[in-house]
Amino acid sequence: IWLREYLKLNGLLTLSVFAVLAGCLLGFMLRGSHLSTQAKIYFSFPGELLMRVLKMLILPLITSSLMSGLSSMESKACCRVGVLTVTYYLWTTFIAVVVGILLVIIIKPGVGTEMDMTKNEKPEYKTDLVRILKVPRVTVQPNFVYIMPDDSGPTGRAVFLELTPPPEIHYKTRAGSSQQMNVLGIVIFSATMGLLLGKIGERGAPLVHLCQCINECVMKIINTAVWYFPFGIIFLIAGKMLDMQDPSTLGKKLGWYTITVLAGLFVHGLILLPFFYLILTRKNPFTFIRGLLQALVIALATSSSSATLPITMKCLLENCNVDRQIARFVLPVGATINMDGTALYEAVAAIFIAQVNDYELDFSQLVTISITATAASIGAAGIPQAGLVTMVIVLTSVGLPPDDITLIVSIDWVLDRFRTMINVLGDALAVGIIGHLCQKDFPRRPTGKNSHNMQNSVPMTALPLHKQDCCYDVLGATVNERPTIYYNICQV
């Protein structure tokens, strides 16, 4: 009996954990088979199908949840939730950056790491090009001196070169483009539409109910699709294992760097974030985290906080019992701008690259890295290895060579999965904290299978003027408020 109850409550989570372990084992077993590129693509197809299913649900979930959630909020409550959400996300992101900077300064993973070992085993020489004379045209006398490395002398050997003047170069600006979804733009548009629908009132009710129906349909699709996830996770993890370089070589080159990043993620995700939750809510944070284990496993497998968003929403509503309106607003915003793990990772990587290059960073440059990493993580997309793109901003801000990102690319796909878990955990804990701080603004409604049959009679004078997530039955001078869970377009 106890086994049946356990499988009923945690069967899907258990299958997902076994799927991660099976994927790692299968990937290591197939590494010696030397599959072709085409065979690897076919082998990874079930995992790619899992990613496509999750990405398919991002747009309807964000749009419907934000528009239906904000349309039923009062203006003051919406402003309070928005200010608290953004402030909390910025604060935790900055704390994550500080933790990463402290750890990388203490451990010093880049000291002693050789550059030639990480750049395709090719030695590089530094040469100086010293200009002697500036002339507009070709002359008889050489106008440049090129200092060549020479084994016989430490100062090198001078070679005179005659160079023609450089041609005139005209720069033109081109509009940038991206193949990824503009999640931040979708969040801003959906939030604005939700606020305006709440102010319109009855005229916007049809669209609000339509969004509620879409949201319920998406959740039902998620409840059905989650049973495919263990199968897809096996091939998703195994496919990445096949593309991985030799683990022993990576351990020698980037072992301390990996330990530093994982230690920072552990401190921030399992110590600081639960501590903030405990202080602000006076509740056990690990009880709350236990309900999020399914979402954390999916984050580990997919390495995408946006793709994990549907599962995180499901875990918060069903396992953690958070307020639906709070979750609809805080979670999509957090999946877009809250990247604690990415910010910590970028700060550690920037200082690691500086240590490898024997570049001393003063206090002002450390402050610049902390601010830049915080701002860059907000603009990072919730897709796999998006931190490498924003890493260029952090490196450029303190004068480090952006090309040295190649030093950490080989291990980035592994660390990306763990920092995605911290991003998802931070988003979910924020929903619990904001829900506790704003519970007076959003009184709890009865939930459960029979909640839609309960009725509370309220007089006409107590009828709220703002649109709510419920139905009203007018019987004479009395209005019966009937909370609903399953929305129907006929309610309009």
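This report covers salt bridges, cysteines, one pocket and a few single residues.

The model is predicted, so local features need pLDDT of at least 70, side-chain atom pairs count only at pLDDT 80 or more, and totals for chains, interfaces and linings use all residues. Residues are numbered from 1 along each chain as its sequence is written, and side-chain values use heavy atoms, with hydrogens and water left out.

## Salt bridges

Side chains of opposite charge can pair when their charged atoms come close. A salt bridge here is a side-chain nitrogen of Lys or Arg within 4 Å of a carboxyl oxygen of Asp or Glu. The whole structure holds 4 of them. The table lists some of these pairs.

| Pair | N to O distance | Helix | Separation in sequence |
|---|---|---|---|
| R52 and E48 | 2.9 Å | α3 (residues 45–56) | 4 residues |
| E318 and K314 | 3.2 Å | α13 | 4 residues |
| D416 and R419 | 3.1 Å | α18 (residues 409–437) | 3 residues |

Helices are DSSP runs of H or I with at least four residues, strands are runs of E with at least two, and both are numbered from the N terminus. R52 and E48 are separated by about one helical turn. E318 and K314 are also about one turn of the helix apart. About one turn lies between D416 and R419 as well.

How open are these residues? Buried means under 20% relative accessible area, exposed means over 50%, and partly exposed falls in between (1.4 Å probe, protein chains only). R52 is exposed, at 54%. Its partner E48 is partly exposed, at 35%. E318 is partly exposed at 42%, while K314 is buried at 15%. In the α18 pair, D416 is buried at 3%. R419 is buried too, at 1%.

## Cysteines

A disulfide is a covalent bond between the sulfur atoms of two cysteines. The search counts a pair of cysteine sulfur atoms within 2.5 Å. How many disulfides does the whole structure have? The search finds 0. C217 is in no disulfide, and its nearest cysteine sulfur, that of C213, is 6.6 Å away. C217 is partly exposed, with 45% relative accessibility.

Why does C320 not bond to C315? The two sulfurs are 7.1 Å apart, which is too far for a bond. C315 holds the closest cysteine sulfur to that of C320. C320 itself is buried, at 16% relative accessible area.

## The second largest pocket

Rolling a probe the size of a water molecule over the atoms shows where empty space is left. The search uses a 1 Å grid over the protein atoms alone. A pocket is an open set of points with protein on both sides within 12 Å along at least five of seven lines, whereas a cavity is a set of points where a 1.4 Å probe fits but cannot get out. Lining residues have an atom within 4 Å of a point. Grid points are joined across faces, edges and corners, and the volume is the space filled by probe spheres set on the points.

The second largest pocket has about 530 Å³ of space. It is lined by 19 residues, and the closest to its centre are K8, L9, N10, K314 and N319. K314 also forms the salt bridge with E318.

Which helix gives the largest share of the lining? That is α1, with 7 residues. The helices α1 (2–30), α12 (293–302) and α13 each supply at least two. By class, the lining has 9 nonpolar, 6 polar and 4 charged residues. Ala, Val, Leu, Ile, Met, Phe, Trp, Tyr, Cys and Pro count as nonpolar, Asp, Glu, Lys and Arg as charged, and the others, Gly among them, as polar.

## Single residues

A polar contact is a pair of N or O atoms within 3.5 Å; within protein, one must be able to donate a hydrogen and the other to accept it, and residues adjacent in sequence count only if both atoms are side-chain atoms.

T312 sits in helix α13. T312 is buried, at 2% relative accessible area. A polar atom of its side chain lies 2.9 Å from the backbone oxygen of T308.

D323 is in the loop between α13 (305–318) and α14 (324–337). D323 is buried, at 14%. A polar atom of the D323 side chain lies 3.0 Å from the backbone nitrogen of Q325.

A375 belongs to helix α16 (residues 363–378). A375 is partly exposed, at 48%. A375 and V394 are 19 residues apart in sequence and 9.4 Å apart in space, C-alpha to C-alpha.
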